[in-house]
Amino acid sequence: MREILWFALILIAAGGLLTVYALCLIRRAVKAKQWHRAQGSVISSKIDEMNHMGSDADVAVRANIQYQYTVNGTTYRSKRVFFGDMLRSSVYSRANRYLAKYPVDAKVNVYYDLHKPRQAVLEPGVKPGVVFVLCFGCLLLAVGVYLMSANVPL
């Protein structure tokens, strides 16, 4: 019974962290829709690969798009395509779609925070991957709370 309670606490902690993280991303993604827009250009477009535990079979990828834009005479650089774009996947086709959409020297619309122009994004709004993280976090929370309540005598 003690092991189940520890497991429940771990699920609650992990679910809580994922839920808060996703809610922060969603909040910023929604705010970005109201940001100012500047013309920018892509300066780098490549795929980043990360091997998990040294295994070639288990590779996580993401598109790494760098762009620059100018606000009030100051040139900024950013890598954020959308809020949540740091989430990696094993799906190369998704990363390749972003490389095709944002090739080097492409002109892009950059959405930036007027008060913090260094904060920028190419695609404002909430993406499905972030919603998935939110749902997964809520599921972990719910299972943890259920295990906790089912194993604690009243």
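In this predicted model, tyrosine 111 stands opposite valine 121 in strand S5. Tyrosine 111 falls within strand S4, which covers residues 107-112. S4 and S5 are joined by two bridges and run antiparallel. Strands of a sheet pair through backbone hydrogen bonds, either parallel or antiparallel.

The S4-S5 pair belongs to an open sheet of five strands. The strand order is S3-S2-S1-S4-S5, and the pairing is antiparallel. S3 and S5 (120-121) stand at the edges. Each has a single partner strand, so one side of each is left without a neighbour in the sheet.

On the other side of S4 in this order comes S1. Strand S1 spans residues 36-51 and pairs with S2 in the antiparallel sense over 11 bridges. At one position, methionine 50 stands opposite alanine 60 in S2. Strand S2 (residues 59-71) is mostly covered. Of its 13 residues, 10 are buried.

S2 also pairs with strand S3, residues 74-78. Five bridges link S2 and S3, again in the antiparallel sense. Glutamine 68 has arginine 77 in S3 as its bridge partner. S2 and S3 form a hairpin with two residues between the strands. In this hairpin, asparagine 72 takes a positive phi near 50°.

Helices were examined next. Helix H3 runs over residues 128-151 and holds 24 residues. At 1.5 Å a residue, H3 should span 34 Å. Its end C-alpha atoms are 35 Å apart, which agrees with that expectation. The buried residues of H3 are Val130, Val133, Leu134, Gly137, Leu140, Gly144, Leu147 and Asn151. An α-helix has 3.6 residues a turn, so residues three or four places apart point the same way. The buried residues of H3 pack against helix H1, residues 2-32.

The second largest pocket was also characterised. About 160 Å³ of space lies in this pocket. Its lining is made up of Arg27, Arg28, Lys31, Trp35, Asp113, Lys116 and Gln119. Five of the lining residues are charged, one is polar and one is nonpolar. Arg27, Arg28 and Lys31 of this lining lie within the range of H1 (2-32).

Key:
Residues numbered from 1 in each chain as written. Predicted model: local features only at pLDDT ≥ 70, side-chain atom pairs only at ≥ 80, totals over all residues. Heavy atoms only, no water. 1 Å grid on protein atoms, 1.4 Å probe; cavity = no way out; pocket = protein on both sides within 12 Å on 5 of 7 lines; lining within 4 Å. Points joined across faces, edges and corners; volume = space filled by probe spheres on them. Nonpolar A, V, L, I, M, F, W, Y, C, P; charged D, E, K, R; others polar. Buried < 20%, exposed > 50% of the residue type's maximum accessible area, 1.4 Å probe, protein only. Helix = DSSP H or I, 4+ residues; strand = E, 2+ residues; numbered from the N terminus. Pairing = 2+ DSSP bridges. Expected span 1.5 Å × (residues − 1). Contact = heavy atoms within 4.5 Å.
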